[in-house]
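Colleague: Before I use this model, I would like to go through its nonpolar packing and its charged pairs with you, one question at a time.

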Amino acid sequence: MKFNGLGLCKELRDGIESLGFKEPTPIQQEVIPFMLENRADLVALAQTGTGKTGAFGLPLLEKIDPENRNTQALILCPTRELCIQIAYDLQSYAKKMDATRILALYGGTDIRPQLDGLDQGAQLIVATPGRLLDLLGTRKAKLNAVERLVLDEADEMLNMGFERELNEILDAVPKKPSACSSRPRCRNACSA
């Protein structure tokens, strides 16, 4: 199977191809079509290096409405390093999607560039729980338009003691998807 058989728009397929990827990994073959066609919860387990970021990130990018500057998708992860890596990977996949903004929010660094990024609008946020909760408290981060949420390494976040933070963040995310969430989001024609 090739990426063009998974229901991803041309902009994403071009971004993937420019990175040298020809065929999806097994987890990507299973997860991408499921996430594009369903609004159900999904638990996907795979070893490091098997393409999990692409498996959850590509469908999130596919569903982004580039005309809407609100945060539509949120990925939570346990560490700054993982947050930076996921954001970098997603920015690489989306490099042909000019109007899509991805923002990494994590602690241990100057918060001002992250605040500026929130002011500019980011349709997809990758964040560590502590930093996101801080930004929710200042009302800079707004999750009222989030339609999709990924907990990457959820077990690790719980092991690190982030249960309270995760619950507070989940409380800030809408419980019902919006009425328009099932339509294709790419500016160009999608094959979804």
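The exchange below concerns a predicted model, and takes the cores before the salt bridges.

Colleague: Which element supplies the largest share of the largest nonpolar core?

Modeller: The largest nonpolar core has 34 residues, and Leu 8, Leu 61, Ile 75, Leu 90, Leu 124 and Val 126 are those with the most contacts inside it. At least two residues of this core come from each of several elements, among them helix H1 (10-18), helix H3 (52-63), strand E1 (73-76) and helix H4 (80-93). The largest share, six residues, is supplied by H4.

Colleague: Which residues does Ile 75 touch, leaving aside those up to four places away in sequence?

Modeller: Ile 75 is one of the residues with the most contacts inside the largest core, so a contact list that reaches other parts of the chain is a useful check on the packing there. With residues up to four places away in sequence not counted, Ile 75 touches Phe 56, Leu 60, Ile 86, Leu 90, Leu 124, Ile 125, Val 126, Ala 127, Val 150 and Asp 152.

Colleague: How many residues does the second, separate core have?

Modeller: The second core is separate from the largest one, and includes Ala 127, Leu 133, Leu 135 and Val 173. Its residue count is 21.

Colleague: Is Asp 119, the salt-bridge partner of Lys 140, buried or exposed?

Modeller: Lys 140 and Asp 119 form a salt bridge whose closest N and O atoms are 2.7 Å apart, and the pair links distant parts of the chain, with Lys 140 in the loop between helix H6 (129-137) and strand E4 (148-151) and Asp 119 in helix H5 (residues 112-120). Lys 140, at 29% relative accessibility, counts as partly exposed. Because its relative accessibility is 51% and the cut-off is over 50%, Asp 119 counts as exposed.

Colleague: Are Arg 148 and Glu 147 buried or exposed?

Modeller: The side chains of Arg 148 and Glu 147 meet in a salt bridge, at 3.3 Å from N to O. Both Arg 148 and Glu 147 are buried.

Colleague: Which residues are linked with Arg 164 in a network of salt bridges?

Modeller: Arg 164 and Glu 168 lie four residues apart in helix H8 (residues 163-172), about one turn of the helix, and their side chains meet in a salt bridge of 2.5 Å, N to O. Glu 168 counts as partly exposed because its relative accessibility is 36%. The residues linked with Arg 164 in the network are Glu 165 and Glu 168.

Note on methods: Residues are numbered from 1 along each chain as its sequence is written. This is a predicted model: local features need pLDDT of at least 70, side-chain atom pairs count only at pLDDT 80 or more; totals for chains, interfaces and linings use all residues. Side-chain values use heavy atoms; hydrogens and water are left out. A nonpolar core is a set of buried Ala, Val, Leu, Ile, Met, Phe, Trp, Tyr and Cys residues joined through side-chain atoms within 4.5 Å. Buried means under 20% relative accessible area, exposed over 50%, partly exposed in between (1.4 Å probe, protein chains only). Contact means heavy atoms within 4.5 Å. A salt bridge is a side-chain nitrogen of Lys or Arg within 4 Å of a carboxyl oxygen of Asp or Glu.
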